[in-house]
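Notebook open, model loaded. I wanted to look at one hairpin and then at some rings.

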Amino acid sequence: KNNIIKTPRADGRSLFTTLHEVFFLFDIVLTSITLYFNTGRVKRITRLVEVLPVKFQGSPSTSIRGRGARGKTPVFGMLKRGDKVYTQIVKNCSISELLPIIKGRTDAGAIIYSDGFKSYDGLVNYGYKRHYRVKHGENEFALGHNHINGIENFWGLCKVRLAKFRGVHRHTFYLHIKECEFRYNYRNQNLYLILLKNLMKHKPA
């Protein structure tokens, strides 16, 4: 009985919905958003890109940016400066795991900004000659164009969004990450209309 939600309708009657139905519909929306990002041609980044992996654990409110803690899910983020972000869950934050994503999303002539994480050491050897680091360990945060404020801002917004759920299930975590990506990428547009159009086009089975 406590799981029944009463929603007033315009005609004066009420619509009764169970929490199970609400969660089911919410999963459909998240799945539709994920299909939206996984369908179509990949637009490669040719100019400025910021990269930064983070790790989340069961409760996003305690997520940290460190890479060494156990029991956490690593997610790699790439931001075309002034434009859109891309996220992908990875097995780990090694160069062998991150490089294929970078190569698949950016041209060799792109300018890459990152922190001082050692996994980026080999980027120059793979053709990315213009790679600039922000060494937070040496109290560096921004010097002109050399910063990763954009991708750090996205992960901060993502953390705040996920904290509202007080933890998410592992099997839906990817969907929530993609929702954050969707909200960020289309923050200056009508999200409702974009989502409605996408739901009509990509109907999850």
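I began with the hairpin that strand 4 and strand 5 form with 4 residues between them; G82 in the turn has a positive phi of about 80 degrees. This is a predicted model, where local features need pLDDT of at least 70, side-chain atom pairs count only at pLDDT 80 or more, and totals for chains, interfaces and linings use all residues. Residues are numbered from 1 along each chain as its sequence is written, and side-chain values use heavy atoms, with hydrogens and water left out.

I noted that strands are DSSP runs (E, at least two residues), numbered from the N terminus. They pair if DSSP finds at least two bridges between them.

Strand 4 (residues 73-80) has the highest mean pLDDT among the elements, 92, and strand 1 (residues 4-8) the lowest, 51. pLDDT is the predictor's confidence in each residue, from 0 to 100.

I followed strand 4 to its partners. It runs antiparallel to strand 5 (residues 85-89), with 5 bridges; G77 has T87 as its bridge partner there. Strand 3 (residues 48-56) is also antiparallel to strand 4, joined by 8 bridges, and E50 stands opposite L79.

Is strand 4 covered? I should ask how many of its residues are buried. I found 7 of 8, buried meaning under 20% relative accessible area with a 1.4 Å probe, protein chains only.

Last, I checked arginines over rings (CZ of Arg within 6 Å of the ring centre and within 35 degrees of the ring normal). The charged end of R81 sits over Y113, 4.2 Å from the ring centre. For R105 over Y86 I noted 3.6 Å.

Definitions and conventions: Buried < 20%, exposed > 50% of the residue type's maximum accessible area, 1.4 Å probe, protein only.
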